[in-house]
Amino acid sequence: MNQFFRLVYFLKYAKKETAIRILLGLGIVGAQFSQTWFLAKMVIAVCEKRNMKEILLCFLAEFLSLFIRAGLIKYQEYFLKKYAAKVKNEIRSQILDKIMVLGPSFKNDQRTGNLQSLITDGVESLEAFLTQYIPQIAVVVFTTIFITTFMCRLDRTVGLLLFFMSAVTVIVPQIFMPAVSDVMVLYWKEYAQLNAQYIDDMQGMSTLKSLGVSRKEGRRLQTQAIGFAAESMRNLGISLSDSTLITICITAGTSISILLSAIHVAQGKIPYAVLIQVLFLAGECLKPMNDLSIYWHNSYTGLSVAEELLYVLDL
């Protein structure tokens, strides 16, 4: 958990960009919610045989929300590249500055490939965690507050259920973190070792050829690479465990919300118009949590490199 917060600390070098990323996320969620809400209102207007003007207004509002959402998503994709580049450049600069301070004695004790994989692939893998997962937590928090308030006005039980499911999507990854962390740290160590061996062999290719063992070394690397690929697939299954649980909770939350509203309509507690709104909005309300689950899964590789990264910076 300490490594988690120390990685988040790197975002202090991009405070403005982080705030913009959160605002973009909130804007996209708001546009999604508005789009679905106007669609629900349009269906209600049709079912209640209201005048065409009201139906057309709902249609135009839905189309406008769709247009705004598309524009925000397009800009976010462009902005994320600049945002991620700034954060990664800062991390790489700190690593290189530390290596320069430690001097040749440190590099003599390290394999070239290990340092190369840390500075390139290792830092690159932090992108999903720092620029997507962490800002999305803030988006989920603000979204949960709004969703709970709005849905409780429609149906209190549904609102509280959606609040519970939102909390689960944030808590579950933290519960699984110790088990998954061990697996991913091992994955990174194996990857760094294999990468280092490839670089060392390329640098010493003339020596290997002069000794007539280049083909033998190639076969050995092939065996290691195949073994690493098989182990990676096993680790992937473990890392998907909490993402699968979150997806199940989100799906169950959506289904149960609609079921509860249907029961309340049958009992005469709420009008059928509320049921239509819940039918359309329940899935949309939990979409930010689904995105959070996806970003969490994409962050595993970045979290696996945290131990080695912080070790170098702490020397």
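Before I show you a loop, one convention: helices here are DSSP runs, H or I, of at least four residues, numbered from the N terminus. With that in hand, hello everyone, and please keep in mind that what you see is a predicted model.

Let me begin with K49. This residue sits in the loop between α2, residues 15–47, and α3, residues 52–102. The backbone is the fun part: K49 is not a glycine, yet its phi is positive, at about 55°. Is K49 buried or exposed? Its relative accessibility is 75%, so K49 counts as exposed.

Now let's step back to the whole chain. The protein has 13 helices and zero strands, so for the element order from the N terminus you can simply read α-α-α-α-α-α-α-α-α-α-α-α-α. How spread out is the protein, and why do I say so? The radius of gyration is 25 Å, while the globule rule gives 20 Å for 315 residues; the value is well over the rule, which means the protein is more spread out than a compact globule. You can put that beside the spans of the C-alpha trace, about 85 × 35 × 35 Å along the principal axes.

A few more totals for those of you who like bookkeeping. Of the 315 residues, 44% are buried. If we take contacts with a separation of 6 or more, 85% of them come from residues 24 or more positions apart. The exposed area is about 16,500 Å², and carbon and sulfur atoms supply 66% of that. As for charge, there are 30 positive and 24 negative side chains, with the centres of the two sets 5 Å apart.

Let me zoom in on helix α2, where we find I28. At 10% relative accessibility, under the 20% cut-off, I28 counts as buried. Which residues does I28 touch, once we leave aside its neighbours within four places in sequence? They are R69, L72, I73 and Q76. For a sense of distance, take I28 and G268: they are 240 residues apart along the chain, and 35 Å separates their C-alpha atoms.

On to the rings, which I suspect some of you were waiting for. A pair of aromatic rings is described by the distance of the centres and the angle of the planes. The structure holds nine aromatic pairs. One of them is F33 with F146: the ring centres are 5.3 Å apart and the planes meet at 80°, so this pair is edge-to-face. F33 belongs to helix α2 and F146 to helix α6, residues 127–154, so the pair ties together parts that are 113 residues apart in sequence. How do the two partners differ in cover? F33 is buried, with a relative accessible area of 10%, whereas F146, at 42% relative accessibility, counts as partly exposed.

W37 and F38 give us another edge-to-face pair, with 5.2 Å from centre to centre and 65° between the planes. Here W37 is partly exposed at 25% relative accessibility, and F38 is partly exposed too, at 24%.

One last stop before coffee: which residues do ring pairs link into a cluster? They are Y75, Y78, F79 and Y83. Thanks for listening, and I'm happy to rotate the view for anyone who wants another look.

How values were computed: Residues numbered from 1 in each chain as written. Predicted model: local features only at pLDDT ≥ 70, side-chain atom pairs only at ≥ 80, totals over all residues. Heavy atoms only, no water. Helix = DSSP H or I, 4+ residues; strand = E, 2+ residues; numbered from the N terminus. Buried < 20%, exposed > 50% of the residue type's maximum accessible area, 1.4 Å probe, protein only. Contact = heavy atoms within 4.5 Å. Rg over C-alpha atoms; globule rule 2.2 N^0.38 Å. Areas by Shrake-Rupley, 256 points an atom, 1.4 Å probe, with all protein chains shown as cover. Lys, Arg positive; Asp, Glu negative; His and termini not counted. Charge placed at Lys NZ, Arg CZ, Asp CG, Glu CD. Phe/Tyr/Trp six-rings, centres within 6.5 Å; stacked < 30°, edge-to-face > 60°.
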